[in-house]
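Biologist: Could you take me slowly through one helix of this protein and what lies around it? I am in my first year, so please explain each step as you go.

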Amino acid sequence: MKLCLSVALGFIFLTSASLAGLAQGKSPRAGYVIVPGTNIEHPWDIGVRAHTNYLIFVPAAKPTAPGPQGETPGSLACIYGLVSPPSGTTGFDCPISSATTPPSGGSGVIAIVDAYYYPTASADFNTFSDEFHLPSGSTCGTGSSEPCFAQVFATGVQPKTNAGWALEQALDMEWAHAMAPDAQIVLVEAASSSLTDLLTAVGVASNYVVCGAASCPSGGNGKGEVSMSWGGSEFSGETSLDSDFTTANVVCTAASGDSGGTVIWPSASPNVVSSGGTTINRGSNGGFTSETAWSDSGGGDSAYELVPGYQSSVKSVSALVGKFRGTPDFSFDANPASGVSVYDS
């Protein structure tokens, strides 16, 4: 089984029908962060509906050149050792401007669960893919094993549109594709952001993964992941819902959130791989210098979920988490000041 990249990735400034990004320069970069309304949780939402987990970074200085200037599939593939650094650079220098070779590989299905309808998902997926020299993603079909993209309504009925959730979907599907370009990307859209609707979509997504093809014929090899980049504050009844993430041979991952030191569910579920965030630091010449913890990455000890065996059996981890489940399990670039390029028309 593989882990999917359902991470609380940082966003960069987005303009209508354009790719935008972060200028190279010394980290942390100057600018400010916009918190989308779909990220905001109200007291009456807890245990009822989920929120998105992304932030929009607006650089203080206008980029000097058009096009994407945030981290790209090539630059992060270079930093994480998935491709070789560009010739003429030292070690993992990986400048955004010249580290343009995207990763290769990936297989099976990455089923991405989000809420509401994203009307330009397929076209935006292909625009992003073309920009970064990734497979464009043909329509998934019965028995398909080629890289492809499919958009599925969890209830069989097209949901209402929601711009805030559409940005989350753009981030999730484009960067799952960026890191595993040969996998099949299936975007499963829940009818709303209620936990009931989202968990219904998780069941549909798990079925697609088990089938091993987007059209989901009977049978299959269960090769892939279910990605959930949404969540909400913990609540007393959450443990009764953890069984929704136990489909055999399906790996579920969830974002740990964008509020430092705060634990959210379903990231807290012991049946889910919790995905946290880091900062990519670059020097004044644009070269990669280090990766450090992001202070606003969600995480900590769950209030309700008991520590799973895979944490209690590791002394160094057990000493940190005690009797309760600790999050996150792994982390990836997420600080909006070192954010990734995303396309949303």
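Modeller: What follows is a close look at helix α2, and then at the parts of the protein around and beyond it.

Please keep in mind that this is a predicted model, in which the protein has six helices and 17 strands. Of its 345 residues, 55% count as buried, and the helix you asked about contributes several of these.

Helix α2 runs over residues 121-131, and within it Ala121, Asp124, Phe125, Phe128 and Ser129 are buried. If you look down the axis of α2, these buried residues fall within an arc of 135 degrees, so they line one face of the helix. What, then, covers the buried residues of α2? The cover includes two other helices, α1 (73-79) and α3 (163-179), together with the strands β7 (148-153) and β8 (184-190). Just beyond its end, α2 is followed by His133, whose phi is positive, near 60 degrees.

The helix also takes part in something wider. In soluble globular proteins, nonpolar side chains tend to be buried together. Here the largest nonpolar core has 37 residues, and those with the most contacts inside it are Leu76, Met173, Trp175 and Ile185. Helix α2 is one of the elements that give two or more residues to this core, the others being α1, β5 (109-115), α3 and β8. Of these, α3 gives the most, with nine residues.

Met173 is a good place to see how α2 meets its surroundings. Leaving aside residues up to four places away in sequence, Met173 touches Ala121, Asp124 and Phe125, and also Ile112, Tyr118, Phe149, Ile185 and Leu187. Ala121, Asp124 and Phe125 are among the buried residues of α2, while Ile185, like Met173 itself, is one of the residues with the most contacts inside the core. A second, separate core has 30 residues, among them Ala50, Ala115, Val202 and Val226.

Contacts that reach across the sequence can be described for the whole protein as well: among contacts between residues at least 6 apart in sequence, 76% join residues at least 24 apart.

His133 has a positive phi, and it is useful to set two further residues beside it. Cys94, in the loop between α1 and β5, has a positive phi of about 50 degrees although it is not a glycine. Asn249, in the loop between β10 (230-233) and β11 (251-255), has a positive phi of about 65 degrees and is not a glycine either. Are these two residues buried or exposed? Cys94 counts as buried because its relative accessibility is 0%, whereas Asn249, at 49%, counts as partly exposed.

The backbone also holds cis peptide bonds. One joins Trp265 and Pro266, with omega about 20 degrees, and Pro266 is found in the loop between β12 (264-265) and β13 (273-282). Another joins Thr327 and Pro328, with omega about -5 degrees, and Pro328 is found in the loop between β16 (324-327) and β17 (330-333).

Finally, consider the outside of the protein, which exposes about 13,500 Å², with carbon and sulfur atoms supplying 55% of that area. Nonpolar residues appear here too, since Val33, Val35 and Ile40 form a nonpolar patch on the surface, with about 240 Å² of accessible area together. Val33 lies in strand β2 (residues 31-34), and because its relative accessibility is 40%, it counts as partly exposed.

How values were computed. Residues numbered from 1 in each chain as written. Predicted model: local features only at pLDDT ≥ 70, side-chain atom pairs only at ≥ 80, totals over all residues. Heavy atoms only, no water. Patch = residues over 30% accessible without salt bridge, like charges linked within 9 Å, V, L, I, M, F, W, Y side chains within 5 Å. Areas by Shrake-Rupley, 256 points an atom, 1.4 Å probe, with all protein chains shown as cover. Salt bridge = Lys/Arg side-chain N within 4 Å of Asp/Glu carboxyl O. Helix = DSSP H or I, 4+ residues; strand = E, 2+ residues; numbered from the N terminus. Buried < 20%, exposed > 50% of the residue type's maximum accessible area, 1.4 Å probe, protein only. Arc of directions from axis to C-beta. Contact = heavy atoms within 4.5 Å. Core = buried A, V, L, I, M, F, W, Y, C linked by side-chain atoms within 4.5 Å.
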